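Colleague: I'm new to this one and would like a close look at one small part. Could you walk me through it and whatever lies around it?

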Amino acid sequence: MPQTLKLRERQVLTMMAEGLSAPAIAQRLSLSAETVRWYIKQLYAALEVSSRAEAIRVAMTRGLLDAPVQPAATAPVARSEIRYANNAGVHIAYQIVGNGPVTLLFMHGFVSHLDLAWEQPEYAAFFEQLGRVARVILFDKRGVGVSDRQDGPATIEQTVADARCVLDAAGASHAFIMGTSEGGAAAVLLASMYPERVHGLILFGVSPFIGGHGTEFPWTSNGDAQYPLLAPVPQRWGETWSLDRFAPSRADQLDFRDWWSRLLRAATSPSVIEKVLANARAVDIRALLPSITTRTLIIHRIGDRLVPLAAGRYFAARMPHARMVELPGDDHVYFIDSDALARTVTAYLQQPDAATDVRTWIAIILCMTGSGSRLDETKRTMLSAHGARFVRHSDSTWTALFDSPSTALRCARALRALGAGNVGAMSLHVGACSVAEGVPVGAAYSRALEAALATGPGHIVLTGMLRDILAGADVSVAVHALASGDRDAPPSAIWALVD
């Protein structure tokens, strides 16, 4: 450890201790912000630390500052005890940080642990910074962390339902939604299925289809057969697995490596993580993106080693109300060197509240057509019992809209039980629907109808998009036909329900 610092290093360190950000230091010293960040990294390496608070503490202990510099006094950010929301008997752990004027629901990636995470100073610093401008709600998904694990890892549908349950338990009728990494797809679905509850959507380091590989998908053109996070080695789980891709700037820091290993072991087990990542690999939300009307901020680090920048740009090019911010850095883990990220998120949260566009919502569509599809009183009663929000019909075809894929599937199975001659061909799809009219809009109706026409009376088929959302659920399907595709929805299989 050095006993002295160069003049410029001492100047930067002193201003860090005063609480100045990298851009503020740059302005005061007539340097570029990138140069200041380089000095900060050099200081971290020289002092063998990984955060601003540690750098200041070590420097003061070693007498490397001209005089002890006290950061401006700020009130501590409140942090609740871990609480539990009960979603149909499954207990979801959540925690609230801060008490700002807006609510931000944060959706983690593949693993999290509400207890152990706070031992990492940069994690704590990131959420304390956000907690000064928002009421931040954190939660562990079912199957990981300190949430219930008895039913295994969550499907994306369950994550959306659990997130709604947490919002309700926390008394949040409206919120910003922020998703990172694998949690991005669930954040997109939550915001698009319940737009009336969402002020805005924030996505960091996300991909629309993390299971994509080869040259078909531009964000995987780095030559990898698949993302490294999708292929854990069970006997090595809990070691510093994939740290060189998740957090390359911390890969050689012993304290971070130790914390990362303990986090993985505490968050889940080798067999469960294989199921978690298998579920994540199956989810593909590309075709939904043009229909999402929620205003969205997409943030991606330019050198992200795990999810390439092209994946974020794919979102930005296809979501009609998205804006993208590209930040410097190679780390996929959001809270590392997170000053720029926290400032970007803060600025977005503090923007004047735009009116939420709720003309459309993303719904589950049950379509019935052909012989036996007449919408009689028996069918209407069954639809009502399963919570169908809208039902529209013509002489030979009708559609019903649902909030939940599993509920729509249960309803279709119940209808099928009416027997031959009493029920038409059925398809299940997910797509944009009109809030006012209660009908599928754009391509959503034609895709649902195309799928139904591909089968016969009494049979149930699922579009590929709906099957992706049910990834991990106990649903048996087999390829039935090939659906047509376009720029945003490549050709995909239509799946027949075989149970």
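Where is Ser-50 found, and between which helices?

Modeller: Ser-50 is found in the loop between helix H3 (33–47) and helix H4 (52–61). Before going on, some ground rules: this is a predicted model, with residues numbered from 1 along each chain as its sequence is written. Local features need pLDDT of at least 70 and side-chain atom pairs count only at pLDDT 80 or more, while totals for chains, interfaces and linings use all residues; side-chain values use heavy atoms, with hydrogens and water left out. Helices (H or I, at least four residues) and strands (E, at least two) are DSSP runs, numbered from the N terminus.

Back to Ser-50: with a relative accessible area of 1%, Ser-50 is buried. Here buried means under 20% relative accessible area, exposed over 50%, and partly exposed in between (1.4 Å probe, protein chains only). Setting aside neighbours within four places in sequence, Ser-50 is in contact (heavy atoms within 4.5 Å) with Tyr-44, Gln-120, Glu-122, Arg-250, Gln-253 and Asp-255.

Two of those names, Gln-120 and Glu-122, turn up again at the start of helix H5. There, a side-chain oxygen of Gln-120 comes within 3.1 Å of the backbone nitrogen of Glu-122. Glu-122 is also one of the buried residues of H5 (residues 121–131), alongside Tyr-123, Ala-124, Phe-126, Phe-127, Leu-130 and Gly-131. Their cover includes strand S2, strand S3 (102–107), strand S4 (134–139) and helix H12 (339–349).

S2 (90–97) leads us to another loop, the one between strand S1 (83–87) and S2, where Ala-88 is found. Ala-88 has a phi near 55 degrees, a positive value in a residue other than glycine. Ser-181 has a phi near 55 degrees too, again positive and again not a glycine. Are these two buried or exposed? Ala-88 is exposed, at 77% relative accessible area, whereas Ser-181, at 12%, counts as buried. Ser-181 is found in the loop between strand S5 (175–180) and helix H7.

H7 (residues 183–193) gives eight residues, the largest share, to the largest nonpolar core. A nonpolar core is a set of buried Ala, Val, Leu, Ile, Met, Phe, Trp, Tyr and Cys residues joined through side-chain atoms within 4.5 Å. This one has 71 residues, of which Leu-105, Leu-366 and Leu-415 touch the most other members. Apart from that core lies another, of 59 residues, including Val-111, Met-178, Ala-247 and Val-276.

Note on methods. A polar contact is a pair of N or O atoms within 3.5 Å; within protein, one must be able to donate a hydrogen and the other to accept it, and residues adjacent in sequence count only if both atoms are side-chain atoms.
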